[in-house]
Structure formats: structure tokens, C-alpha cells
Amino acid sequence: MNYFETVFQEEIRKISLTVPHKLYEPVAYSLSMGGKRLRPALMLHATSIFDGSPERVLPAAMAMEIFHNFTLLHDDIMDQADLRRGMPTVHMKYSSNAAILSGDAMSILAFKYLATLKSDKLQQLFALFSSTAIEVCEGQQLDMDFETRQMVTVAEYLEMIRLKTAVLIAESLRMGALLADAGQSDSDLLYEYGINVGLAFQLQDDWLDVYGDPDIFGKKQGGDICANKKTYLLLKAAEAATGSTHIELNHWLAKSDFDPKQKIAVVIDIYEKTGVSEATRNLMKNYHDRALMALDKMTIPSESKQSLIDFAGEAMVRVK
């Protein structure tokens, strides 16, 4: 992964020097905000499992990381978020117009990097990348739709996060395997593993918004609560709340003028009463177990599976 980071930082430097600077400076800023580079790391690791060359995969890894950061940039605009990874979001540092246009440029840059792949599977990989990209947009639209819908089911929410979050993780793994000439069955099982880890990953994100340490997590606590964001926690609380607890939850969901600290404290208390923290952790465990079941079916050595087993475990306890 250090190898990828070195190459990635050099690409960021090149982007920062590209003109017009007002278009590319926000792009470079967005890409330099840090993060674990999870998706390219998984792609490179999937390639290594099948003895593929990391140099061969780099353009696809670059494409995936740039596209992922593009989605975060536009997501922050839609959510009116102030911070990303503890730093001012692009639209706060520059402007909403600059962030929109620079985000558009990032989405195109992702395909530009992908086009430099030297692979006889380029057409297949373009189709997979394009399908995944549109799924992410579909997931974001569902997320926006949920903001104005009174009734959202848990099943609908889980489908939304599958599209918005899990498919990028899963496709990173599958593309890495395919670029190393893995068989279709193993590539598809890696995708299945990635979907389930991705779902656990997003549920952990929801949980951390409520229970995580803002200094570690890099976001303000309770942002989803203040925005009435229909997370798994809120939907489960709405299902489980009865009597005065149900009335109180609806009161705070309908209230437009409120003290954020008070609302966060009250809703967290309702979450505790309805057991949604434990329910969220249990569902995460369920997806974790499904991921390991997919991994178990793969025809790769046990030692190659161990790092993926470890990663699935880390998704359960990550803090950032």
C-alpha cells in the first residue's frame, strides 16, 4: 500500500499544477485529505492473491480512489457537511460552485485513468466500473429521496447503502482479481465478500456518528440525528419505540427549531431504550459472517484468506 500511496501522492502533485488552477486545486485538496485508501488497497491485495503485478493494476486503483473521493465531495455538498476527516470540506474551503465543477472533473478523471489500463479485459472492466458508478449515483438518489419520505423500511435502507457504499468496495476486489486473471467464480465470490463487508462498514459509520469520538472520527457527533437522517439506528428506533417513547421520538423528528445538543442527547437516550445500538452491532456481525462464508468458498490458499478475514474483523471495530 505504501507503493500505491507514493504513486498517488505524485499524481496529486501533478493535478495540483494543472491549469486552470481553480478547477484542479480543489481536486488536489480533496484527494490529499487523507483516508485509508481502502478501495485501492483492496484492489491491489486482490491482485496479489492471484500473483498479479501491482503496476498492472495501478490505473484501475487510481480510478477507483478518485471516483470514491468524487462521491464524497458531492455528498458533502448535499449534506451541507462542514468537516471531512477533520478538515474543512471542499465546498466550505472554496465554494459550492467550485466543489460541484471540481467533483465533475474528478468523475471524468477516474475514467481517464481507467482507460490507460493495459489489459485484454478492458471492455469488461469498463462495463463493471460504469455499472458500479451508476449504482453509486442510484444509491445517493435513494438517500436523498429518503430525506423527504415519511416511511422508509429497513430493507430499503440496506439496499440504499449497498448501492451507495458497498458496491465500490466489492468492485475494487473483483476488478483486482480479474486483472490478475483470476477465475470468474473466485472474482464473483470476492465481490460477494466485499458487498457484505461494505454493508458492515456503513453500519459502523452510522453507529460511529452517534457513539464515536469526534476527535478520532473526524466528524461532529450526532450529525445524522440533527439532520433526521434515516439511518439504520433511526429506522430501528422508530420500529421499536412505543407509548411515550414513540411520541417523544416523533416530536423531535418534527421539530425544526431545536438545540442540537439537547436533541442529540434525547435521541441517543431513545436509542438506548429501544436497544438499537445492540441491534446495529448484531447486524454488522451478521454481514461479517456472510463475508467469511463467501471467502470460505474461494479456491485460494488459507494464508491468502487470512488478511481478508482480518480486514472483515477490522470493519467491525474501526474508528475512522
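What follows is a walk through the fold of one predicted chain, from its general build to a few individual residues.

Start with the overall picture. The chain holds 16 helices and two strands. Its C-alpha trace stretches about 60 × 50 × 30 Å along the principal axes. For 320 residues, a compact globule would be expected to have a radius of gyration near 20 Å, and the chain's own value of 20 Å agrees with that. Of these 320 residues, 53% are buried. The contacts tell a story about sequence distance too: taking those with a separation of 6 or more, 74% join residues that sit 24 or more positions apart.

On the outside, the chain exposes about 14700 Å², and carbon and sulfur atoms supply 56% of that area. As for charge, there are 33 positive and 43 negative ones, and their mean positions lie 3 Å apart.

Now to the inside. The largest nonpolar core is made of 64 residues, and Ile66 and Leu203 have the most contacts within it. Ile66 touches Phe8, Leu31, Met106, Leu109, Ala110 and Tyr113, once residues up to four places away in sequence are set aside. Apart from this core lies another one of 24 residues, with Leu173, Leu308, Ala312 and Ala315 among them.

One of the partners of Ile66, Leu31, leads to helix H2, which spans residues 21-31. H2 is mostly covered, with eight of its eleven residues buried. These are Leu23, Tyr24, Pro26, Val27, Ala28, Tyr29, Ser30 and Leu31. And what do the buried residues of H2 pack against? The list takes in H1, H4, strand E2 (87-88), helix H5 (90-93) and helix H6 (96-114).

The loop leading into H2 has a twist of its own. Pro20 is found there, between helix H1 (2-16) and helix H2 (21-31). The peptide bond that runs from Val19 to Pro20 is cis, with omega near 0°.

Backbone angles are worth a look at two further spots. Gln80 is not a glycine, yet it has a positive phi of about 55°. This residue is placed in the loop between helix H4 (54-79) and strand E1 (83-84). Is Gln80 buried or exposed? With a relative accessible area of 66%, Gln80 is exposed. Asp181, also not a glycine, has a positive phi of about 65°. Its place is the loop that links helix H8 (154-179) to helix H9 (184-211). Here the relative accessible area is 47%, so Asp181 counts as partly exposed.

Helix H3 (residues 38-49) offers a pair of residues to follow, beginning with Met43. Met43 is buried, at a relative accessible area of 0%. Leaving aside neighbours within four places in sequence, Met43 is in contact with Val57, Ala60, Ala61, Met64, Ser172, Met175 and Gly176. By contrast with those contacts, consider Asn228: it is 185 residues from Met43 along the chain, and the C-alpha atoms of the two are separated by 35 Å.

Leu44 is found in helix H3 as well. Its relative accessibility is 13%, and because buried means under 20%, Leu44 counts as buried. Beyond the neighbours within four places in sequence, Leu44 is in contact with Phe4, Pro54 and Val57. Leu173 lies 129 residues away from Leu44 along the chain, and 8.1 Å separates their C-alpha atoms. Leu173 has already come up as one of the residues in the core of 24.

Last comes Asp76, back in helix H4. Where does Asp76 stand, buried or exposed? The answer is buried, with a relative accessible area of 5%. Not counting residues up to four places away in sequence, Asp76 touches Ala81, Arg84, Thr89 and His91.

Terms used: Residues numbered from 1 in each chain as written. Predicted model: local features only at pLDDT ≥ 70, side-chain atom pairs only at ≥ 80, totals over all residues. Heavy atoms only, no water. Helix = DSSP H or I, 4+ residues; strand = E, 2+ residues; numbered from the N terminus. Rg over C-alpha atoms; globule rule 2.2 N^0.38 Å. Buried < 20%, exposed > 50% of the residue type's maximum accessible area, 1.4 Å probe, protein only. Contact = heavy atoms within 4.5 Å. Areas by Shrake-Rupley, 256 points an atom, 1.4 Å probe, with all protein chains shown as cover. Lys, Arg positive; Asp, Glu negative; His and termini not counted. Charge placed at Lys NZ, Arg CZ, Asp CG, Glu CD. Core = buried A, V, L, I, M, F, W, Y, C linked by side-chain atoms within 4.5 Å.
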